[in-house]
Structures are given as structure tokens and as C-alpha cells.
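Please work through the following exercises with the sequence and the 3D structure at hand. Each task is followed by a solution in steps.

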Amino acid sequence: MLLAGALTSGAQTLNRKIDLPKDSPVTLVSDAWGDSGATIRGGAYVLDLHVALTLRNSGQRRIRGITLTVLTQEMTPGGKGSISVPSLDIPPGETFPVRGDLHLLRPVGAGAPQVEVALDGVLFDDLSFYGPDKLHSQRSMTVWELEARRDRRYFKTLIEQAGREGLQNEMLASLARQADRPQYGVQLVRGRSTNADPEHDVQFAFLHFPEGPVDPVDGLARIAGNEARAPRVEVRNRSDRAIRYLEIGWIVRDQQGREFLAASVPADLSLPAHGSSQVLQDAALRFQQPTSIQAMTGFVSSVEYADGSYWIPSRSALSDPTLRRVAAPSPEEQRLVQIYRKKGLDAVIEELKKF
Amino acid sequence: MTRHISESELALYSTGDLSLGNRAMARLHLSQCERCRARVEAYLSDRKQLRDVAAGMPEGVNWNRLAAEMTANIRVGLAAGECVAPRTRKAAFQGWRPAAAVAGLAVLLVTGWWLNMPRGETQALGRVARVLMRGHGGIAFEEQGPTVEATASGIELRENGGSMGVSEGSAQPVAVSLSVQGSARAHYVDADTGQVTITSVYVQ
């Protein structure tokens, strides 16, 4: 019976729907779903989605980024996903592709397997935004766009100061960092974790950016074996403006001295100018065995002011050796490095001239 | 003259089977009664003759053949007794057959566990067993339901410790990350155009 249960599965027909608002700045040109399908596993459908859309910019402004919601069941954990494409430069009337591969769940009791793709938001070149923003994609896409502008500015300055050779060296260094960047499996555990090991507190060490508006002053997390939970960080606003959101990067060092970026700790808060507050999350991270957490480092990776403007770390702040080793490059740097790898240095320089 | 002794008592007296008191009374009577004494002597004489007849083999009887027939009859009787006697039950775990059956069942159970039970559940059971053996430590129970894991292959959906599949395209992600608010992200870069696609899965 156990063996039979393990082997039982069946492919199901997948109902698909693409829903774009009538006043949407993008319109659907075509859609393809490849070998998307659904299978029953336990009490849920597992939907394997491979969607490829072609959209047209039907608005009047250049599009810098887009996020689509992919929904199989609104209220079910694992029933919601998204596909975002940052670092775009799509003029009005032009078409562009959006592709994504997702694994999502839908309870069998919720009816036949179906998926709905909807627009969550579009970011324009003037940083204005269109869309329901249910996934807070405006915040994410704005940060990506600001990072893209920062990095393009940095590479342009590099060409001016160090010429083609300087840009080439930077591209090669970025390629090497991406290849060497450690990436270990980290699982998010909701609620309390199952761990029999004795717990102890580990204090955060912090990377401080001189130009940053927020200073993390104290913090700790509960550690038990290969699990870390309930991070708590006290932050102080050094700026003259109120802050409503920030994200802290969480770097972990294990018993072998390996460091990696474990997670980000976002927080919606009300942090007045020059005030203090506490970032607290009731979640746990479980690291692949046999990781044993020895130390933790935190850094503020982005800040949203109450007036809707943002702060992100500068390139010089990101030159910290630990951050350069463990933090992923911005989507724009990933794009430019791939262009360099595929088409060469001239293609990168031409790309930079477009902005 | 007293009354004569009955025939049955005379017969018993002749074989020495009369009770002690009656025997003394009979002996006293026999010393005085010629008729009863003659009956006793007749009984003793018959007994002696019977013994002599019983001690000799009948004519025409082959003793060796008779002994062989008797031995054969005894063996046939013993065999017949085996057939109709209740069967004696063997011990439950004697012999190789029960051991093989138990081993087969164990293999089936272990295989079934390995195929069906999520690795996390097995690990959790292992932790609980370690705590019970150590006699100290605490056990907290995690919330059930799907969760996400950021792996080098992409975003992996997990439920009850078991994998429900990985969101993966034709290429490996260039970066994966977790948000403790309940989502995982994977960055993919198109090899030809460099276009970056960021997929996210939410569990809260």
C-alpha cells in the first residue's frame, strides 16, 4: 500500500487565464505554456508552469520593469508566485517577452487545477508606477531600477577613468565573483521549528555604511544546531526623514568559516527622524546539514522613506570584502555581465550608451 | 460339627487370598472336616495342572514367526497412534522460514518509509529519538504547511519536510534568496539577450 501510494499520480488538464486591466499600459500579443501541467500529490495539485508571454507597451512612457502575479489559489501557502522583469527599456509600441518557470500548489478541494496570470505592476522610466501592487512590487522594482542606475553610472565612470581595459577588468571580476559566490540551501520555516538541540543567542555583528540613513545598533537571533530563528535587530534613524520600510541582509558564518547570504529581513515600521525602533520577525531559517551557525552579520540593504523616496548602498559601500564575496550583484550588473560574456565588451559599452 | 465352608471361600483359601481372620477360621474347620479338606486339595491340584499346561508351548507353534508378527503388529500400532494423536505445535520462530518472512516485511516497511516519508520527518524523528536517549533538550513543533527553500537549483516548495518540486527553467538561477516574511526569489538571466527574470514563490 505504501509503495502504491508512492507511485500514484496522474496528469491533469490545466485551465489557464491571463487577466490584464482594460487601461493597462501593456497588452497581450501572444502566450505559450509549453509543457505546463498539473499532477496530484497528496491533497494538492502541483502545478508545473512554463509560461512565455509577449507583451506590447501600449502606453506613452518607457517601461523599466514589470511584475506579473501568477495565482493558483489566493489563500493557500504556495499558491501564489510572481514573475518580474527588471532592467527593461521598452519604448511605447514595442513588444517584449516575459518568461517564467514556477512550481505552485492548489488544494484538490478548491476545484480543477487552474492558473491565473495578472498584472501586479509596471514601473516607468520616471519611476512612476501602474498596477494594484498587491505584492509590493513597486518597492522591489524601484530598488532594482535605482540599483541599475547606480551600476550603469559606476561603469560609465569606470570607462571615463580607466578606459575599456578598466571596464573589462570589472566585467571579469564580476564574472569571477558570481562563479565563486557561495550558495547553500536555506529553508524558511514558519512558526516554531522542530529542533531538539539546546538553544542559545548569537549576537549580530553589523556592517556600517557611513552614508546610510539607518544604523543597526544591536541584534540577536536564537540558534539551535543548524537553525536560526526570531531575528531581532534594533535600528536607529540617523536621517532627518521618517522611514516606513527597510531591509536587512542576514549573513551567516558556519563552523568551517564559510560565509553566505542567508536571507533578507524586511520590516514595515514607523521610524521617526533620529528615532529608534526594533525589527522583529517570528520566522526560522534551517540550513542544510551539517551547517552549524557560528556567527552572523547584518547590513541595511535598502530603506524607503515615508515620502516614498528610497536609499540604497553606494558602490563604494558594497566594496566591503564580505559583501563583495557573498552578496548577489544587482539585476542590471547580471544583465551587463551576460551581455559581455555573450557579445563582448563593445556590446556592453553600446548598452551603457543607451541610458 | 460346624457348617461347611462355602466353595468360594475354599477357592480363595487355596490361592492364599482369604482374609487373615477368615483364613484362621477356615484352617480350624479344615483340621476337623474331611470333606472340605478334600475340596481344597482338589483346588490345589487343578491349579498345579493349569500352571503346567500354561508353561508349555502349544503344538505346531513357531516361536520365531510369532515373535516377528508380534513386533510388526506393535510397530503398525505405534504408526497408527501417530496418525490419530493431536499434532504438537512448533515454536513460533524456529527455522529459517519465519525469519525470512520477518526480514521481507522489514524490507517492505523500510522501502515504504523511504519512498513515502519526507526526509524532514525522518530527521525530526531522529532528533526526538536523540533527545529521548539523552534525556534532556526540548522539542518544539513546527507549523505544518508548504514552505520554501532557496537552493542552487531554484526555489523548492516543501511540505511536511518533503519536496513538492523545484521551480526551474532551462538554466540554473544566478542567485536565489529568501525573505523571512515568507517568500523565495530566484534570478535567471537569458543567455542570448541578458534579460533578467526574477521569479518568486510566496508561502505567506
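The exercises below treat confidence, aromatic pairs, backbone angles, helix packing and a surface patch.

This is a predicted model, in which local features need pLDDT of at least 70, side-chain atom pairs count only at pLDDT 80 or more, and totals for chains, interfaces and linings use all residues. Residues are numbered from 1 along each chain as its sequence is written, chains are lettered from A and ligands numbered from 1 in the order in which they are written, and side-chain values use heavy atoms, with hydrogens and water left out.

**Exercise 1. Assess the confidence of chain A.**

Step 1. The pLDDT (the predictor's confidence in each residue, from 0 to 100) has a mean of 90 in chain A, and 94% of the residues of this chain reach 70 or more.
Step 2. In residues 1-9 of chain A the pLDDT is below 50, and this stretch has ten contacts in the model beyond near neighbours in sequence. A contact means heavy atoms within 4.5 Å.
Step 3. Where pLDDT is low, the predicted coordinates should not be read in detail.

**Exercise 2. Classify the ring pairs of A:F204 with A:F206 and with A:W250.**

Step 1. Rings of Phe, Tyr and Trp (its six-membered ring) pair if their centres lie within 6.5 Å; planes under 30 degrees apart count as stacked, over 60 as edge-to-face and the rest as tilted. This rule gives seven aromatic pairs over all chains.
Step 2. A:F204 and A:F206 form a stacked pair, because their ring centres are 5.8 Å apart and their planes are at 20°.
Step 3. A:F204 and A:W250 form a tilted pair, because their ring centres are 5.8 Å apart and their planes are at 55°. This pair links distant parts of the chain: A:F204 is in strand 12 (residues 200-206) and A:W250 in strand 15 (residues 243-254) of chain A, 46 residues apart. Helices (H or I, at least four residues) and strands (E, at least two) are DSSP runs, numbered from the N terminus.
Step 4. Buried means under 20% relative accessible area, exposed over 50%, and partly exposed in between (1.4 Å probe, protein chains only). A:F204 has 9% relative accessibility and therefore counts as buried; A:W250, at 1%, also counts as buried.

**Exercise 3. Describe the setting of the positive phi at A:L127 and at A:H136.**

Step 1. Most residues other than glycine have a negative phi.
Step 2. A:L127, which is not a glycine, has a positive phi of about 65°. A:L127 belongs to the loop between strand 9 (114-124) and strand 10 (129-130) of chain A, and its relative accessibility of 27% makes A:L127 partly exposed.
Step 3. A:H136, also not a glycine, has a positive phi of about 55°. A:H136 sits in the loop between strand 10 and helix 2 (137-180) of chain A and is partly exposed at 46%.

**Exercise 4. Which elements do the buried residues of helix 5 of chain A pack against?**

Step 1. Helix 5 (residues 345-353) of chain A has buried residues including A:L345, A:V348 and A:L352.
Step 2. The buried residues of this helix pack against helix 2 and helix 4 (331-343) of chain A.

**Exercise 5. Which residues make the nonpolar surface patch of about 300 Å²?**

Step 1. Patches are made of residues with over 30% relative accessible area and no salt bridge (a side-chain nitrogen of Lys or Arg within 4 Å of a carboxyl oxygen of Asp or Glu); like charges are joined within 9 Å, and nonpolar side chains (Val, Leu, Ile, Met, Phe, Trp, Tyr) within 5 Å.
Step 2. The patch is made by B:W63, B:L66 and B:M70.
Step 3. B:W63 lies in helix 4 (residues 63-84) of chain B and is partly exposed, with a relative accessible area of 49%.

Technical notes: Areas by Shrake-Rupley, 256 points an atom, 1.4 Å probe, with all protein chains shown as cover.
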